[in-house]
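User: I'd like to go through this model and ask where each label comes from. Can you set the values against the cut-offs for me?

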Amino acid sequence: MGLKKIIQVLSVLVSVVVFSQKSAPKKVPVKKKEVTVKQSDALPVVNQSLPLLIPKKKNGNFGYINQKGKFIIQPEYHIAVFFYEDCNLLNSPNEKLRKFGTAEYATVEKDEISYRVDKKGNRVYRFKKEDLGKCVHKEYIQQLYQAYVLNGFYGIIEKATFRDPADYRQFQIYPQYEYLFILEGDDVSNPMIVASKNNMFGVIDVHNRIIIPFEYSDIKRNFSWKLGKMFDVSKDGKNYYYVDSNNDTY
């Protein structure tokens, strides 16, 4: 092959390479994948036994805080209860509304109107009488223990085995408190008991161990333990707030 021919071939090859580079598609910048913030990211778990959202009163109204004390649902309600099932809605004649009866929602009240809200604070349902069904009867779980008064003091007995009050060994807790009230809960073998001693309230268990120290002027006898594993307490009898079984405040 002559020199002239070689130069022509090289010229063609160079042209092809240059054309290929010019014709190559430009690289499109890869967009970063958008990260959706999950609801659980806003609802940190500090205590596995507690609800992710806890009713909290501020400036006279209730909202919901997460376990770190941050308001997730702003305080604007006259009433706010734990996220829990509503059996009337669960059995609504309108099947589309039954989902609002699950524990994913909570009941609140504002201006004498009741709603169900989700965990972002959205009002997803307004209560109407015609939407409510009848609660399915659940078998009553018989309590193992009950309060017993002797000589003006309260103790605890196991109903099935107690026979003789003169035998101190038959008492689960010998009468020594000014007042006792067994809170409703899921574990009847180890209930929480609101007790009064020296005119102050605390919480004990059936082994007479102190769960919440006797430093409160009142502890409500409501469903806060059953629904939220928390106690509704007050040091002045006016302002109430929740504490857990470690006496941590929320």
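Analyst: What follows goes through salt bridges, burial, rings, strands and the pocket, label by label.

Analyst: One caveat up front: this is a predicted model, where local features need pLDDT of at least 70, side-chain atom pairs count only at pLDDT 80 or more, and totals for chains, interfaces and linings use all residues. Residues are numbered from 1 along each chain as its sequence is written, and side-chain values use heavy atoms, with hydrogens and water left out.

User: Why is the contact of Lys119 with Glu104 called a salt bridge?

Analyst: The term asks for a side-chain nitrogen of Lys or Arg within 4 Å of a carboxyl oxygen of Asp or Glu. For Lys119 and Glu104 the closest N and O atoms are 3.7 Å apart, so the pair is within the 4 Å limit. Lys119 sits in the loop between strands E6 (113–117) and E7 (123–126), and Glu104 in the loop between helix H3 (87–90) and strand E5 (106–110), so the bridge ties together parts 15 residues apart in sequence. Those helices (H or I, at least four residues) and strands (E, at least two) are DSSP runs, numbered from the N terminus.

User: Which other salt bridges are there?

Analyst: The structure holds 10 salt bridges. Among them, Asp167 meets Arg169 with the closest N and O atoms 3.1 Å apart, and Asp218 meets Arg221 at 2.9 Å. There's also a network of salt bridges linking Glu76, Lys110 and Arg123.

User: What makes Asp167 buried and Arg169 exposed?

Analyst: Buried means under 20% relative accessible area, exposed over 50%, and partly exposed in between, with a 1.4 Å probe and protein chains only. Asp167 has 16%, so it's buried, while Arg169 has 65%, so it's exposed. Asp218 is also buried, at 16%. Its partner Arg221, at 35%, is partly exposed, and Glu104, at 46%, is partly exposed too.

User: How do you know that Phe100 and Tyr125 are stacked?

Analyst: Rings of Phe, Tyr and Trp (its six-membered ring) pair if their centres lie within 6.5 Å; planes under 30 degrees apart count as stacked, over 60 as edge-to-face and the rest as tilted. Here the ring centres are 6.1 Å apart and the planes are at 20 degrees, so the pair is stacked. The pair links distant parts of the chain: Phe100 is in the loop between H3 and E5, Tyr125 in strand E7, 25 residues apart. Both Phe100 and Tyr125 are buried.

User: What makes Tyr177 and Phe214 a stacked pair?

Analyst: Their rings are 6.1 Å centre to centre, with 15 degrees between the planes, and the pair is stacked. Tyr177 lies in strand E10 and Phe214 in strand E14 (residues 210–216), so the pair ties together parts 37 residues apart in sequence. Tyr177 has 3% relative accessibility, so it counts as buried. The whole structure has 13 aromatic pairs, and ring pairs link Phe100, Tyr105, Tyr125 and Phe127 into a cluster.

User: How do you know that the charged end of Lys220 sits over the ring of Tyr240?

Analyst: The rule wants NZ of Lys or CZ of Arg within 6 Å of the ring centre and within 35 degrees of the ring normal. The charged end of Lys220 is 4.4 Å from the centre of the Tyr240 ring and sits over it. Likewise, the charged end of Lys229 sits over the ring of Trp225, 5.5 Å from its centre.

User: Why do strands E8 and E9 count as a pair?

Analyst: Two strands pair if DSSP finds at least two bridges between them. E8 (residues 145–150) and E9 (residues 153–158) have six, in the antiparallel sense, so the pairing rule is met. Val149 stands opposite Tyr154 in E9, and in the hairpin, with two residues between the strands, Asn151 takes a positive phi near 55 degrees. E9 also pairs with E10 (residues 171–177), antiparallel over three bridges.

User: What makes E4 and E7 edge strands?

Analyst: Four strands form an open antiparallel sheet in the order E4-E5-E6-E7. E4 and E7 each pair on one side only.

User: How big is the largest pocket, and which residues are closest to its centre?

Analyst: The largest pocket has a volume of about 1400 Å³. Of the 46 residues lining it, the closest to its centre are Tyr84, Phe223, Ser224, Lys226 and Leu227. On a 1 Å grid over the protein atoms alone, a pocket is an open set of points where a 1.4 Å probe fits, with protein on both sides within 12 Å along at least five of seven lines; lining residues have an atom within 4 Å of a point.

Definitions and conventions: Grid points are joined across faces, edges and corners, and a volume is the space filled by probe spheres set on the points.
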